[in-house]
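Subject: Structure handover

Hi,

Here is the structure I promised to pass on. Please load it first; my notes follow below.

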Amino acid sequence: MIEKILVMHLIKNKNLSLLLTLFLFIGLISTAFRSETRVGNSAGGVSMSLDTAKTDKETGLVTDQNLYMVKAQCISCHSSKLIIANRFTRDGWKQKIRWMQANHNLWDLGETEKQVLDYLEKHYAPTAKAARRKPLNDIKWYKLEEQ
Ligand code: HEC
């Protein structure tokens with residue numbers, strides 16, 4: 001409705017360049033949105049298990065029986081994208097939690113910390129080894145010619 005009024009208004013004033021700018025802006029925004037969703041869903045595209053794993057529509061996090069606890073504890077201050085974009089060991093995640101507790105008013109997770117860590121360790125562990133290419137073999141070295 002607002003868009004319609006805006007467009008009518010712009011046409012009435014024959015302000016074509018403004019109209020074009022508006023369309024360009026809408027296009028840019030929708031493109032940005034699309035690529036952002038893609039990043040969220042593939043989670044960097046490094047982990048095979050994540051590529052095939054089901055993700056929660058609302059948060060983009062991997063579906064799991066402990067997801068509800070992560071949703072309860074971890075996404076009230078910031079987007080789930082902060083979780084999706086990171087990979088840590090169990091210990092690393094624990095340190096992040098301690099860091100947020102020390103600096104950003106994160107509460108004591110109590111009993112639920114185990115569930116949260118189980119979840120994070122299972123689905124957001126480092127995958128650097130799997131992502132690396134195989135070592136090269138059969139390398140044929142050659143001399144660079146001197147100029
Ligand atoms: C009380 C608020 C709050 C809650 C709840 C919270 N965080 Fe955070 N978290 C923050 C703040 C603030 C930052 C820093 C954001 C920034 O740098 O923009 C942050 C940053 C992060 C980062 C990025 C760390 C980095 O090194 O950049 C990760 C990962 C993260 N949080 C995970 C979690 C997880 C997992 C939970 C659930 C246990 C959680 N957060 C719950 C406040 C919170």
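I will start away from the ligand. Ala-125 is in the loop between α7 and α8 (128–131). Ala-125 has a relative accessibility of 23%, so it counts as partly exposed. Its C-alpha atom is 5.0 Å from that of Arg-87, although the two residues are 38 apart along the chain. Keep in mind throughout that this is a predicted model.

**The iron site**

Which protein atoms bind the iron atom of the ligand as donors? They are NE2 of His-78 and SD of Met-100, lying 2.0 Å from the iron. In total, 6 donor atoms surround the iron. The angles they subtend run from 86 to 180 degrees, and therefore the arrangement is octahedral. For reference, the ideal angles for six octahedral donors are 90 or 180 degrees.

Where do the two protein donors sit in the chain? His-78 belongs to the loop between α4 (67–74) and α5 (81–84). Met-100 belongs to helix α6 (residues 90–103). The pair therefore ties together parts that are 22 residues apart in sequence.

Is His-78 buried or exposed? Neither label fits: its relative accessible area is 25%, which falls between the 20% limit for buried and the 50% limit for exposed. His-78 is therefore partly exposed.

**Around the ligand**

The ligand sits in the largest pocket. There are 19 residues around it. Those that come nearest are Cys-74, Cys-77, His-78, Lys-96 and Met-100.

Two of these residues also have short polar distances to the ligand:

- His-78: a polar side-chain atom lies 2.7 Å from a nitrogen atom of the ligand.
- Lys-96: a side-chain N or O atom is 2.7 Å from an oxygen atom of the ligand.

Which helices supply the shell around the ligand? At least two residues come from each of α4, α5, α6 and α7 (112–123). Helix α6 gives the most, with 4 residues.

**One side-chain contact**

Gln-73 is part of helix α4. Its relative accessible area is 14%, so Gln-73 is buried. The Gln-73 side chain makes a polar contact with the side chain of Thr-112, at 2.7 Å.

**Where to look**

If you set up the metal site, start with His-78 and Met-100, the protein donors of the iron. Then go through the pocket that holds the ligand.

Best wishes

Conventions
Residues numbered from 1 in each chain as written. Predicted model: local features only at pLDDT ≥ 70, side-chain atom pairs only at ≥ 80, totals over all residues. Heavy atoms only, no water. Donors = N, O, S within 2.8 Å, 3.2 Å for Na, K, Ca; no water. Tetrahedral: all angles 85-135°; square planar, octahedral: opposite > 155°, others 65-115°. Buried < 20%, exposed > 50% of the residue type's maximum accessible area, 1.4 Å probe, protein only. Near = heavy atom within 4 Å. Polar contact = N/O pair within 3.5 Å; in protein donor to acceptor, adjacent residues only side chain to side chain. 1 Å grid on protein atoms, 1.4 Å probe; cavity = no way out; pocket = protein on both sides within 12 Å on 5 of 7 lines; lining within 4 Å. Sits in = over half its atoms within 2 Å of the grid points.
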